[in-house]
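Biologist: Please take me through this structure, and justify each term as you use it.

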Amino acid sequence: RAVCYGETYFFDNKKLNKIGIYYDTLKTADRCDSIVQLDLNILPYLTDTVRALIFEGESYEVGSKKYSLPGIYENLLSSLNGCDSLVVLDLDYFKFYFPNAFSPNGDGLNDMFSIRAPNGVAEISKMQVFDRWGGLKYEAAGLPPNDPSTGWNGEWKGKPAQPGVYVYLAYLRFDDGRTKVISGSLSLLR
């Protein structure tokens with residue numbers, strides 16, 4: 001027999017709340033002794049901490065509750081055995097850095113348009129850059145996040161692209177298999 005931590009079990013007119021083997025002697029209808037053995041187990045109070053990252057506008061679900069703002073949340077849930085368990089959710093937003101401008105002039109500063117991504121992003125499975133008329137100016141696949149040497153160098157067909165505003169699409173693949181498409185604009189400065 002098992003009971004939840006903090007609960008008691010009644011046996012032999014006693015309240016039991018410790019692990020152990022207990023005995024009770026009962027009389028049968030024929031006045032014979034019958035020994036009953038109880039092997040009592042106390043199930044532990046379960047606690048777990050879940051750290052999760054979401055994008056703004058998304059939510060994370062624990063039990064029947066949804067959370068959409070960063071913070072630390074405590075959730076009292078019931079385990080499979082019906083015992084109380086505590087799940088602490090440490091929720092935050094993914095913190096990406098998508099530059100809004102770069103200057104590929106060879107000075108070693110901001111020469112590439114690349115994405116800085118938090119832990120949990122396995123790869124940038126595809127990145128595309130378009131001009132303001134929708135013409136594809138750059139495309140690459142399988143880029144590692146946080147590598148400033150990878151990304152768009154501001155060239156198109158081997159020549160410097162025109163200064164101006166461009167639009168990018170980044171297809172992100174996360175460690176847990178999820179994917180997300182991020183888009184935005186950037187200025188190419190010369």
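**Terms and their evidence**

Modeller: With a relative accessibility of 37%, L136 is partly exposed, because that term covers values between buried, under 20%, and exposed, over 50%, computed with a 1.4 Å probe and protein chains only. This is a predicted model, in which local features need pLDDT of at least 70 and side-chain atom pairs count only at pLDDT 80 or more, while totals for chains, interfaces and linings use all residues. Residues are numbered from 1 along each chain as its sequence is written, and side-chain values use heavy atoms, leaving out hydrogens and water.

Biologist: What is L136 in contact with, leaving aside its neighbours within four places in sequence?

Modeller: L136 is in contact with Q128, V129, F130 and W156; contact means heavy atoms within 4.5 Å.

Biologist: Why is L76 called exposed?

Modeller: The relative accessible area of L76 is 55%, and exposed requires over 50%; therefore L76 counts as exposed.

Biologist: What makes the pair R51 and D90 a salt bridge?

Modeller: The term requires a side-chain nitrogen of Lys or Arg within 4 Å of a carboxyl oxygen of Asp or Glu. The N to O distance between the side chains of R51 and D90 is 3.9 Å, so the pair qualifies. R51 lies in strand β6 and D90 in strand β10, so the salt bridge ties together parts 39 residues apart in sequence. Strands are DSSP runs (E, at least two residues), numbered from the N terminus.

Biologist: Is R51 buried or exposed?

Modeller: R51 is exposed, because its relative accessibility is 64%.

Note on methods
Helix = DSSP H or I, 4+ residues; strand = E, 2+ residues; numbered from the N terminus.
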